[in-house]
Amino acid sequence: MSLIGIRIKNIRKEKQQTLKEVSQGIISIPYLANIENGVKTASIETLIHIANRLEIPEEVLLVAEEKTDFSILQELNSIFEALVFSNTMEAEQKLNNIAENVDLRYELPAIELGFYCLQAGLYYKTWKFSKAEEIERKHLNNVAKHSAETFPTYLQSFYYYCQGVKNAHATCNYSLSRKYWKKSIELTTKPDFLVVFNSYICTYYICESKYEPALKYVAKAADLIQTFESGKQERIISVLYFYGYIYFQIGFMKEAKNKFEQAMIYFSEYPKAAPIYYFLIQFKLAEIQQLEGNEEVFNEKLMTLYNEIVAHKALNIEFNNNDFLVITELMVIFAEQGLISEVNELINIMNDIEEHVMELDFFIEYAETLQFYHQNQQTSYEEKMLQLLKKINNSNDPALINRVKKHASKHFANSTKYKMAYDILS
């Protein structure tokens, strides 16, 4: 299927021209709409007329398959691999190099679209949502009326990756995200890619507290890793973390602790992978101590973790996305305990992020609300809490929803506002 119609539509919209303005004297408005949506194929003569009407070189719409520079496609595939394996700096450098040195309008539309899928995917992955959304608006939104299954395989892969990351990080539509990762699995036979995609599916089942299917997919990833050569099994750390997390959530603490401790054993063998999960695992091990009744040990571990995070920041070491999950969890616990200075320090770390996952905003807002509570600013606390309660059900974290409502209900009950306290929990 020709994708030249998408290029025409993108250019037309960029120039703020209507279908009527571009088609007038060339073809009918419906026919141009059909070309743009991939329903009809334009003749060479028609493409030349459209190019002249849009005031662009004819070659932009007459790019030939046989004249394509496939070295660019090879580079795009290497960028895709870097993104799949979370080598975001490498991916960004290569994308910038193409942007600076290649006029993509003279390449196949599929290659141009592939570039923008990868660029948007990078920005969604690194939580630069505004940049990603701008790229989608300019270059990818017009893909919606086309069937992605008819794209070249490489473009399908890039497009599904972009949409998978978008729905995982920006919209938090975990069901839709899983749909795209499953499509990604169908397009590859590479075991290392399959490990990543199965792990993603596991992750976003976990986000919806669906632990049985999550176990199924982490088991698939674990089986694949066993086929890798010794020394190339660094993803065993993530698999063991997922196993530990699932066991923790379903109440198998002994098994959870065992898996987390197994993961830590691999830290020395795979030092590059270790930082991605270090804070996460330390936090879960602390929580296990609390559930086992060791409250003092729990608090000691949390304070140690806090000091390590602050030291991390002081050394200007970049935090990864997993670290922010721990920082916000820690922030809420400290806020509930009334540790105001520690909460402020953690909020400052989060405020340094240009943009972050929508879900984390609920944690930050709850922590800020609790600051008013512990500073005895009752009016401010109630105003901010009531604002938070209006939207907290949009959170994808049932535990956080429950914590917010319980704190609010208890406060209003203590203030003899019994009906309000009851309504919050009901």
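Let me begin with a pair of helices, where α10 passes α11 in a left-handed crossing. I should say at once that what we are looking at is a predicted model. Helix α10 covers residues 174-186 and helix α11 covers residues 191-206, and the two pack at an angle of about 165°, with their axes 9 Å apart. Since angles over 145 degrees count as roughly antiparallel, α10 and α11 are therefore described as roughly antiparallel to each other.

If you follow the contact itself, α10 contributes Tyr-174, Ser-177, Arg-178, Trp-181, Lys-182, Ser-184 and Ile-185, while α11 contributes Leu-194, Phe-197, Asn-198, Tyr-200, Ile-201, Tyr-204 and Tyr-205. Sorted by class, the contact of α10 with α11 holds nine nonpolar, three polar and two charged residues.

One residue of that contact I would like to take separately, and that is Asn-198, which sits in helix α11. Is Asn-198 buried or exposed? Its relative accessibility is 4%, and because anything under 20% is classed as buried, Asn-198 counts as buried. The side chain of Asn-198 reaches the backbone oxygen of Leu-194 at 2.8 Å, and Leu-194 is itself among the α11 residues in the contact with α10. Leaving aside residues up to four places away in sequence, Asn-198 touches Ile-185, Tyr-217, Lys-220, Ala-221 and Leu-224.

Let me move along the chain to Leu-305, which lies in helix α16, residues 295-314. With a relative accessibility of 2%, Leu-305 also counts as buried. Which residues does Leu-305 touch, if we do not count those up to four places away in sequence? They are Phe-279, Gln-282, Phe-283 and Val-326. Of these, Phe-279 is 26 residues from Leu-305 in sequence, and the two are 7.3 Å apart in space, taken from C-alpha to C-alpha.

Finally, I turn to a second pair of helices, α21, residues 398-414, and α22, residues 418-425, which pack at an angle of about 165°, with their axes 7 Å apart. By the reasoning used before, α21 and α22 are therefore roughly antiparallel to each other, and α21 passes α22 in a left-handed crossing. The contact is made by Lys-405, Lys-406, Ala-408, Ser-409, Phe-412 and Ala-413 on the α21 side, and by Tyr-418, Met-420, Ala-421, Ile-424 and Leu-425 on the α22 side. In terms of class, the residues in the contact of α21 with α22 are eight nonpolar, one polar and two charged.

Key
Residues numbered from 1 in each chain as written. Predicted model: local features only at pLDDT ≥ 70, side-chain atom pairs only at ≥ 80, totals over all residues. Heavy atoms only, no water. Axes fitted to C-alpha atoms, helices over the stretch in contact; angles between N-to-C directions. Helix = DSSP H or I, 4+ residues; strand = E, 2+ residues; numbered from the N terminus. Parallel < 35°, antiparallel > 145°, perpendicular 65-115°, else oblique. Left-handed = near helix turned anticlockwise from the far one by under 90°. Contact = heavy atoms within 4.5 Å. Nonpolar A, V, L, I, M, F, W, Y, C, P; charged D, E, K, R; others polar. Buried < 20%, exposed > 50% of the residue type's maximum accessible area, 1.4 Å probe, protein only. Polar contact = N/O pair within 3.5 Å; in protein donor to acceptor, adjacent residues only side chain to side chain.
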